[in-house]
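Open the model in your viewer and keep the selection box ready. Each stop below says what to select and what is there.

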Amino acid sequence: MEDNTILKAEPLPANTSSAVTANPHIPSVSASAVLGESESMPEGTPICRGYDFNKTLEEYGKNDGKDKEKNILDDIMSSMLTTGFQATNVGLAIEEIKRMRKWRLSDVPWKEGDDIDLKPHSVRSKIRARIFFSYTSNQISCGQREIIRFLVQHKMVDVIVTTAGGIEEDIIKCFEPTFMGDFKLKGRELRKKDWIVPLIEQMHDEQDEKLSNWAKQMAASDGANDDD
(Lines give C-alpha, C1' and ligand atoms only; values in the text may rest on other atoms or scores of the structure.)
Protein backbone atom coordinates (compact mmCIF):
# COMPACT_ATOMS: atom_id res chain seq x y z
CA MET A 1 0.00 0.00 0.00
CA GLU A 2 1.37 3.39 -1.03
CA ASP A 3 2.08 5.80 1.79
CA ASN A 4 0.58 9.24 0.88
CA THR A 5 1.57 10.88 4.17
CA ILE A 6 3.25 14.23 3.50
CA LEU A 7 4.43 14.95 7.04
CA LYS A 8 5.06 12.13 9.40
CA ALA A 9 4.04 12.59 13.00
CA GLU A 10 7.21 11.75 14.87
CA PRO A 11 7.47 12.23 18.64
CA LEU A 12 10.06 14.70 19.80
CA PRO A 13 12.80 13.67 22.20
CA ALA A 14 11.57 13.86 25.75
CA ASN A 15 12.67 17.02 27.51
CA THR A 16 11.52 17.42 31.05
CA SER A 17 12.33 21.15 30.96
CA SER A 18 9.75 21.85 28.22
CA ALA A 19 6.07 20.96 28.41
CA VAL A 20 5.87 21.21 24.63
CA THR A 21 8.62 18.78 23.64
CA ALA A 22 7.92 16.45 26.51
CA ASN A 23 4.62 15.34 24.96
CA PRO A 24 5.37 12.48 22.52
CA HIS A 25 1.91 12.77 20.90
CA ILE A 26 2.54 16.21 19.37
CA PRO A 27 3.97 16.08 15.81
CA SER A 28 7.33 17.80 15.51
CA VAL A 29 6.06 20.14 12.76
CA SER A 30 3.17 21.32 14.93
CA ALA A 31 5.38 21.73 17.95
CA SER A 32 7.89 23.88 16.08
CA ALA A 33 5.38 25.96 14.08
CA VAL A 34 2.56 26.45 16.57
CA LEU A 35 3.83 25.53 20.00
CA GLY A 36 7.34 26.86 19.73
CA GLU A 37 8.98 28.02 22.89
CA SER A 38 8.87 31.76 23.60
CA GLU A 39 11.95 33.91 23.91
CA SER A 40 12.43 36.65 26.44
CA MET A 41 11.73 40.16 25.17
CA PRO A 42 14.31 42.93 25.64
CA GLU A 43 13.99 44.79 28.89
CA GLY A 44 11.73 47.81 28.62
CA THR A 45 9.61 46.47 25.74
CA PRO A 46 6.10 47.98 26.08
CA ILE A 47 3.36 45.54 27.08
CA CYS A 48 0.12 45.63 25.08
CA ARG A 49 -2.43 46.75 27.63
CA GLY A 50 -5.52 48.94 27.46
CA TYR A 51 -7.07 51.24 30.03
CA ASP A 52 -8.22 49.58 33.24
CA PHE A 53 -11.58 51.10 34.19
CA ASN A 54 -11.56 49.17 37.47
CA LYS A 55 -8.55 51.27 38.39
CA THR A 56 -10.71 54.33 37.79
CA LEU A 57 -13.31 53.08 40.26
CA GLU A 58 -10.69 52.31 42.88
CA GLU A 59 -8.57 55.45 42.60
CA TYR A 60 -11.12 58.09 41.65
CA GLY A 61 -14.31 56.65 43.07
CA LYS A 62 -13.99 58.65 46.28
CA ASN A 63 -12.57 61.73 44.60
CA ASP A 64 -15.24 64.35 43.99
CA GLY A 65 -12.78 67.13 43.12
CA LYS A 66 -12.84 69.13 39.91
CA ASP A 67 -9.69 67.37 38.65
CA LYS A 68 -11.32 63.94 38.69
CA GLU A 69 -12.51 64.00 35.06
CA LYS A 70 -9.23 65.56 33.89
CA ASN A 71 -7.16 62.81 35.52
CA ILE A 72 -9.34 60.07 34.02
CA LEU A 73 -9.12 61.60 30.53
CA ASP A 74 -5.33 61.95 30.80
CA ASP A 75 -5.02 58.30 31.85
CA ILE A 76 -7.22 57.10 28.98
CA MET A 77 -5.25 59.11 26.43
CA SER A 78 -1.94 57.84 27.84
CA SER A 79 -3.14 54.23 27.67
CA MET A 80 -3.69 54.51 23.92
CA LEU A 81 0.05 54.20 23.40
CA THR A 82 -0.07 50.53 24.45
CA THR A 83 -3.61 49.68 23.28
CA GLY A 84 -2.50 48.62 19.81
CA PHE A 85 -3.85 49.15 16.31
CA GLN A 86 -4.87 52.73 15.46
CA ALA A 87 -5.03 53.71 19.12
CA THR A 88 -1.25 53.30 19.36
CA ASN A 89 -0.79 55.68 16.40
CA VAL A 90 -2.99 58.20 18.22
CA GLY A 91 -0.84 57.70 21.32
CA LEU A 92 2.34 58.30 19.30
CA ALA A 93 0.82 61.48 17.86
CA ILE A 94 -0.01 62.67 21.38
CA GLU A 95 3.57 62.09 22.50
CA GLU A 96 4.91 63.97 19.46
CA ILE A 97 2.62 66.94 20.15
CA LYS A 98 3.78 67.01 23.77
CA ARG A 99 7.40 66.99 22.56
CA MET A 100 6.76 69.88 20.16
CA ARG A 101 5.06 72.00 22.81
CA LYS A 102 7.77 71.28 25.36
CA TRP A 103 10.71 72.07 23.05
CA ARG A 104 12.71 75.24 23.56
CA LEU A 105 15.72 76.54 21.64
CA SER A 106 17.73 76.12 24.85
CA ASP A 107 17.46 72.35 24.26
CA VAL A 108 19.96 72.86 21.41
CA PRO A 109 23.46 74.03 22.44
CA TRP A 110 24.66 77.31 20.91
CA LYS A 111 27.65 76.91 18.59
CA GLU A 112 29.99 79.18 16.71
CA GLY A 113 28.35 80.67 13.65
CA ASP A 114 24.90 80.92 15.27
CA ASP A 115 23.24 84.26 15.88
CA ILE A 116 25.10 85.90 18.79
CA ASP A 117 21.85 87.45 20.03
CA LEU A 118 20.52 83.94 20.62
CA LYS A 119 23.45 82.84 22.76
CA PRO A 120 22.08 83.75 26.25
CA HIS A 121 20.23 80.87 27.84
CA SER A 122 17.54 83.26 29.08
CA VAL A 123 16.76 84.17 25.48
CA ARG A 124 16.92 80.64 24.10
CA SER A 125 14.62 79.30 26.82
CA LYS A 126 11.82 81.62 25.64
CA ILE A 127 11.92 80.57 21.98
CA ARG A 128 9.46 77.77 21.29
CA ALA A 129 8.99 75.48 18.32
CA ARG A 130 7.06 76.97 15.41
CA ILE A 131 4.16 74.56 14.91
CA PHE A 132 2.58 74.19 11.46
CA PHE A 133 -0.94 72.77 11.38
CA SER A 134 -2.29 71.39 8.11
CA TYR A 135 -5.78 70.09 7.40
CA THR A 136 -8.21 69.52 4.53
CA SER A 137 -11.65 71.04 4.06
CA ASN A 138 -13.54 68.02 5.43
CA GLN A 139 -12.03 68.73 8.86
CA ILE A 140 -13.92 72.03 8.86
CA SER A 141 -17.13 70.44 7.61
CA CYS A 142 -17.17 68.02 10.55
CA GLY A 143 -16.92 68.65 14.28
CA GLN A 144 -13.14 69.02 14.11
CA ARG A 145 -13.67 72.72 13.35
CA GLU A 146 -14.33 73.45 17.01
CA ILE A 147 -11.05 71.79 17.98
CA ILE A 148 -9.14 73.73 15.31
CA ARG A 149 -10.73 76.98 16.48
CA PHE A 150 -9.68 76.23 20.07
CA LEU A 151 -6.09 75.55 19.01
CA VAL A 152 -5.89 78.82 17.06
CA GLN A 153 -7.74 80.85 19.70
CA HIS A 154 -5.31 79.78 22.43
CA LYS A 155 -2.21 80.16 20.22
CA MET A 156 -1.32 76.47 20.27
CA VAL A 157 -0.34 76.56 16.59
CA ASP A 158 1.65 79.19 14.70
CA VAL A 159 0.92 78.53 11.04
CA ILE A 160 -2.15 77.05 9.32
CA VAL A 161 -1.89 75.33 5.94
CA THR A 162 -5.21 74.42 4.36
CA THR A 163 -7.06 74.28 1.05
CA ALA A 164 -9.42 76.82 -0.51
CA GLY A 165 -12.21 74.43 0.49
CA GLY A 166 -11.13 74.74 4.12
CA ILE A 167 -11.73 78.49 3.96
CA GLU A 168 -14.99 78.11 2.04
CA GLU A 169 -16.40 75.59 4.51
CA ASP A 170 -15.46 77.89 7.38
CA ILE A 171 -17.32 80.78 5.77
CA ILE A 172 -20.37 78.55 5.30
CA LYS A 173 -20.38 77.57 8.96
CA CYS A 174 -20.14 81.22 9.98
CA PHE A 175 -23.51 81.82 8.29
CA GLU A 176 -25.36 78.56 8.87
CA PRO A 177 -24.75 75.35 10.86
CA THR A 178 -23.82 72.07 9.19
CA PHE A 179 -26.30 69.28 9.90
CA MET A 180 -25.56 65.59 10.25
CA GLY A 181 -26.14 63.88 6.92
CA ASP A 182 -25.98 60.50 5.26
CA PHE A 183 -23.99 59.16 2.31
CA LYS A 184 -27.29 57.89 0.87
CA LEU A 185 -28.60 61.45 0.37
CA LYS A 186 -28.61 62.74 -3.20
CA GLY A 187 -26.20 65.58 -3.88
CA ARG A 188 -28.50 67.06 -6.56
CA GLU A 189 -31.26 67.55 -4.00
CA LEU A 190 -28.88 69.03 -1.43
CA ARG A 191 -27.63 71.68 -3.86
CA LYS A 192 -31.07 73.07 -4.74
CA LYS A 193 -30.77 75.79 -2.10
CA ASP A 194 -27.76 77.65 -3.40
CA TRP A 195 -26.85 80.63 -1.25
CA ILE A 196 -23.07 80.51 -0.83
CA VAL A 197 -22.19 80.77 -4.56
CA PRO A 198 -23.80 84.23 -4.99
CA LEU A 199 -21.75 85.48 -2.04
CA ILE A 200 -18.53 84.13 -3.52
CA GLU A 201 -19.39 85.63 -6.94
CA GLN A 202 -20.03 89.01 -5.30
CA MET A 203 -16.67 88.84 -3.53
CA HIS A 204 -15.03 87.93 -6.85
CA ASP A 205 -16.66 90.87 -8.66
CA GLU A 206 -15.60 93.30 -5.94
CA GLN A 207 -12.04 92.01 -6.13
CA ASP A 208 -11.98 92.37 -9.92
CA GLU A 209 -13.29 95.93 -9.66
CA LYS A 210 -10.63 96.90 -7.14
CA LEU A 211 -7.89 95.34 -9.26
CA SER A 212 -9.23 97.09 -12.34
CA ASN A 213 -9.17 100.48 -10.62
CA TRP A 214 -5.68 99.74 -9.30
CA ALA A 215 -4.48 98.84 -12.81
CA LYS A 216 -5.92 102.09 -14.22
CA GLN A 217 -4.17 104.11 -11.51
CA MET A 218 -0.87 102.37 -12.21
CA ALA A 219 -1.24 102.99 -15.93
CA ALA A 220 -2.03 106.67 -15.35
CA SER A 221 0.95 106.97 -13.03
CA ASP A 222 3.29 105.41 -15.61
CA GLY A 223 1.95 107.79 -18.26
CA ALA A 224 2.60 110.81 -16.09
CA ASN A 225 6.17 109.68 -15.51
CA ASP A 226 6.73 109.28 -19.26
CA ASP A 227 5.60 112.87 -19.86
CA ASP A 228 8.23 114.07 -17.43
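Start with the whole chain, and keep in mind that the model is predicted. Take contacts between residues at least 6 apart in sequence: 46% of them join residues at least 24 apart. Colour by secondary structure next. Ten helices and two strands appear in the chain. Follow them along the sequence and the pattern reads α-α-α-α-α-β-α-α-β-α-α-α. Now colour by accessibility. The chain has 228 residues, and 11% of them count as buried.

**Stop 1: the aromatic pairs**

How many aromatic pairs does a search of the whole structure find? The search gives two.

Select Tyr 51 and Phe 53 and show their rings. The ring centres are 4.8 Å apart. The planes meet at 85°, so this pair is edge-to-face; the cut-off for that class is over 60 degrees. Is Tyr 51 buried or exposed? Tyr 51 is buried, at 17% relative accessible area. Phe 53, its partner in the pair, counts as exposed at 53% relative accessibility.

Move to Phe 133 and Tyr 135. This aromatic pair is tilted, with 5.5 Å from centre to centre and 40° between the planes. Phe 133 counts as partly exposed, at 22% relative accessibility. Tyr 135 has 12% and counts as buried, because the limit for buried is under 20%.

**Stop 2: the second largest pocket**

Keep Phe 133 selected and turn on the pocket surface. The second largest pocket has a volume of about 550 Å³. Its lining is made of 16 residues. Select the ones closest to the pocket centre: Ile 97, Phe 133, Ile 147, Leu 151 and Val 157. So Phe 133 serves twice on this tour, in the tilted pair with Tyr 135 and in the pocket lining.

Which elements give two or more residues to this lining? Colour helix 4 (85–102), strand 1 (132–134) and helix 7 (144–153). Helix 7 supplies the largest share, with five residues. Now colour the lining by class. Twelve residues are nonpolar, three are polar and one is charged.

**Stop 3: Arg 145**

Stay on helix 7 and select Arg 145, which lies in that helix. Arg 145 counts as buried, at 15% relative accessibility. Show its contacts, leaving aside neighbours within four places in sequence. The partners are Gln 139, Ile 140, Asp 170, Lys 173 and Cys 174.

**Stop 4: the cysteines**

From Arg 145, step across to its contact Cys 174. Cys 174 is exposed, with a relative accessible area of 56%. Then select Cys 48. This residue is exposed too, with a relative accessible area of 61%. How many disulfides does the structure hold? The count is zero.

**Stop 5: Asp 75**

Finish on helix 3, residues 68–79, and select Asp 75 within it. Asp 75 counts as partly exposed, at 25% relative accessibility. Add Asp 52 and draw a line from C-alpha to C-alpha. The line spans 9.4 Å, while the two residues are 23 apart in sequence.

How values were computed
Residues are numbered from 1 along each chain as its sequence is written. This is a predicted model: local features need pLDDT of at least 70, side-chain atom pairs count only at pLDDT 80 or more; totals for chains, interfaces and linings use all residues. Side-chain values use heavy atoms; hydrogens and water are left out. A disulfide is a pair of cysteine sulfur atoms within 2.5 Å. Buried means under 20% relative accessible area, exposed over 50%, partly exposed in between (1.4 Å probe, protein chains only). Rings of Phe, Tyr and Trp (its six-membered ring) pair if their centres lie within 6.5 Å; planes under 30 degrees apart count as stacked, over 60 as edge-to-face and the rest as tilted. On a 1 Å grid over the protein atoms alone, a cavity is a set of points where a 1.4 Å probe fits but cannot get out, and a pocket is an open set with protein on both sides within 12 Å along at least five of seven lines; lining residues have an atom within 4 Å of a point. Grid points are joined across faces, edges and corners, and a volume is the space filled by probe spheres set on the points. Helices (H or I, at least four residues) and strands (E, at least two) are DSSP runs, numbered from the N terminus. Ala, Val, Leu, Ile, Met, Phe, Trp, Tyr, Cys and Pro count as nonpolar, Asp, Glu, Lys and Arg as charged, and the others, Gly among them, as polar. Contact means heavy atoms within 4.5 Å.
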